[in-house]
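Hi everyone, thanks for coming. I'll walk you through one model today, helix by helix, so please have a look at it first.

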Amino acid sequence: MLGRLGRFEEAEAKFKEAEDKFRSGAPASLAWHLFQRGSMWQRAGDQDKAREYFGEAVARMPMYAHAVVHYVDYVS
């Protein structure tokens with residue numbers, strides 16, 4: 001929600017905090033989290049950060065089609 005309000009740095013800190021506390025071994029949960037983080041930066045206009053997080057989501061879960069499509073837009 002912070003990202004949608006334009007409070008990107010605050011949102012980034014919350015994403016980082018959540019990731020640091022993440023203890024599940026489920027790749028889908030972390031891939032979704034990383035995709036949301038990338039989406040926020042994409043909306044903010046920071047394409048480098050968006051590409052980084054989309055790439056991390058794909059690395060965690062290569063079959064996550066939504067992340068793959070967004071990541072491919074940056075690397076093709």
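Let's start with a bit of arithmetic: at 1.5 Å a residue, what should the 18 residues of H2 span, and how far apart are its end C-alpha atoms? The expected span is 26 Å, and the end C-alpha atoms of H2 are 26 Å apart, so the two values agree. One thing to keep in mind throughout: this is a predicted model.

Now, what's tucked away in H2? Its buried residues are Leu30, Ala31, His33, Leu34, Phe35, Arg37, Gly38, Ser39, Met40 and Trp41. And what do they sit against? The buried residues of H2 pack against H1, H3 and helix H4, which covers residues 65-75. Just after H2 comes Gly45, and its phi is positive, near 90°.

Okay, over to H1. We can play the same game here: helix H1 runs over residues 8-21, which is 14 residues, and at 1.5 Å each they should span 20 Å. The end C-alpha atoms of H1 are 20 Å apart, so that agrees too.

Which residues of H1 are buried? They are Ala11, Glu12 and Phe15. Seen down the axis of H1, these buried residues fall within an arc of 100°, so they line one face of the helix. If you haven't met this idea before, an α-helix has 3.6 residues a turn, so residues three or four places apart point the same way. On the other side of H1, you'll find Glu9 and Lys21 exposed. As for what covers the buried residues of H1, that includes helix H2 (27-44) and helix H3 (47-60).

Next, the pocket. The largest pocket has a volume of about 210 Å³. Which helix gives the most to its lining? That's H2, with five residues. H1 and H2 each supply at least two residues of that lining. If you want to click on some of them, the lining includes Ala11, Lys14 and Phe15, as well as Trp32, His33 and Gln36. You've heard a few of those names already: Ala11 and Phe15 were among the buried residues of H1, and His33 was among those of H2. By class, the lining of the largest pocket has six nonpolar, three polar and three charged residues.

Let me finish with three single residues.

First up is Arg60, in helix H3. Is Arg60 buried, exposed or partly exposed? With a relative accessible area of 47%, Arg60 counts as partly exposed, because that class lies between 20% and 50%. Leaving aside neighbours within four places in sequence, Arg60 is in contact with Pro27, Leu30, Ala31 and Leu34. Take that last partner: Arg60 and Leu34 are 26 residues apart in sequence, but 9.2 Å apart in space, C-alpha to C-alpha.

Then there's Leu5, in the segment before H1. Leu5 is exposed, with a relative accessible area of 55%. Its C-alpha atom is separated by 18 Å from the one in Gln47, 42 residues apart along the chain.

And last, Asp73, which lies in helix H4. Asp73 has a relative accessible area of 58%, so this one is exposed. The C-alpha atoms of Asp73 and His33 are separated by 19 Å, and the two residues are 40 residues apart along the chain.

That's my tour, thanks for listening!

Key
Residues numbered from 1 in each chain as written. Predicted model: local features only at pLDDT ≥ 70, side-chain atom pairs only at ≥ 80, totals over all residues. Heavy atoms only, no water. Helix = DSSP H or I, 4+ residues; strand = E, 2+ residues; numbered from the N terminus. Expected span 1.5 Å × (residues − 1). Buried < 20%, exposed > 50% of the residue type's maximum accessible area, 1.4 Å probe, protein only. Arc of directions from axis to C-beta. Contact = heavy atoms within 4.5 Å. 1 Å grid on protein atoms, 1.4 Å probe; cavity = no way out; pocket = protein on both sides within 12 Å on 5 of 7 lines; lining within 4 Å. Points joined across faces, edges and corners; volume = space filled by probe spheres on them. Nonpolar A, V, L, I, M, F, W, Y, C, P; charged D, E, K, R; others polar.
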